[in-house]
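Please open the model in your viewer and keep the sequence beside it. The stops below go from one selection to the next.

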Amino acid sequence: MSFLRSPVTIFGALNLSAIAGSTYYLRLHLIYNLEESEARSDEIEGTLRGHIGLIEESLDRLEGKGTEADRGKKMDEYYGKRGREEKRS
């Protein structure tokens with residue numbers, strides 16, 4: 001049991017525990033950042049889809065194809081699609 005008292009063993013164990021602890025912390029931090037990034041991307045995607053719907057409705061009205069009853073349908077349709085394309089594949 002004299003090997004447990006040697007400074008090399010003590011420092012080696014401390015070094016390994018520090019590496020394991022920092023690796024665990026960095027992994028948790030990375031997972032958190034990835035989830036936050038995905039949430040931001042989903043929000044941006046939904047916003048862009050809504051804007052595309054509004055632009056297409058405006059274009060339809062300018063071309064004379066759209067009516068007042070159609071207002072907001074494309075925006076809702078595009079905005080409702082978000083995230084569903086990824087789940088299918």
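In which helix is the place of I10? Select I10 and you are in helix α1, which covers residues 7-63; helices here are DSSP runs of H or I with at least four residues, strands are runs of E with at least two, and both are numbered from the N terminus. Before going further, note that this is a predicted model, in which local features need pLDDT of at least 70 and side-chain atom pairs count only at pLDDT 80 or more, while totals for chains, interfaces and linings use all residues. Residues are numbered from 1 along each chain as its sequence is written, and side-chain values use heavy atoms, with hydrogens and water left out.

Stay at I10, which counts as partly exposed because its relative accessibility is 41%; the class lies between buried, under 20% relative accessible area, and exposed, over 50%, with a 1.4 Å probe and protein chains only. Add F11 and L14 to the selection, and the three residues show a nonpolar surface patch of about 320 Å². Such a patch takes residues with over 30% relative accessible area and no salt bridge, joining nonpolar side chains (Val, Leu, Ile, Met, Phe, Trp, Tyr) within 5 Å, whereas like charges are joined within 9 Å.

Next, select E45 and R49, which both lie in helix α1, 4 residues apart, or about one turn of the helix. Their side chains meet in a salt bridge, at 3.1 Å from N to O, the term standing for a side-chain nitrogen of Lys or Arg within 4 Å of a carboxyl oxygen of Asp or Glu. By this rule the count comes to 1 salt bridge. E45 counts as partly exposed because its relative accessibility is 23%, whereas R49, at 15%, counts as buried.

Now move to E77, in helix α2, residues 73-81, where a relative accessibility of 46% makes the residue partly exposed. Draw a distance from its C-alpha atom to that of G50, and the viewer should show 8.4 Å between two residues that are 27 apart along the chain.

Finally, clear the selection and view the whole protein, which has 3 helices and 0 strands, in the order α-α-α from the N terminus on. Of its 89 residues, 9% count as buried. The accessible surface comes to about 7700 Å², of which 62% belongs to carbon and sulfur atoms, with areas taken from the Shrake-Rupley method with a 1.4 Å probe and, for residues, only the protein chains shown counting as cover.
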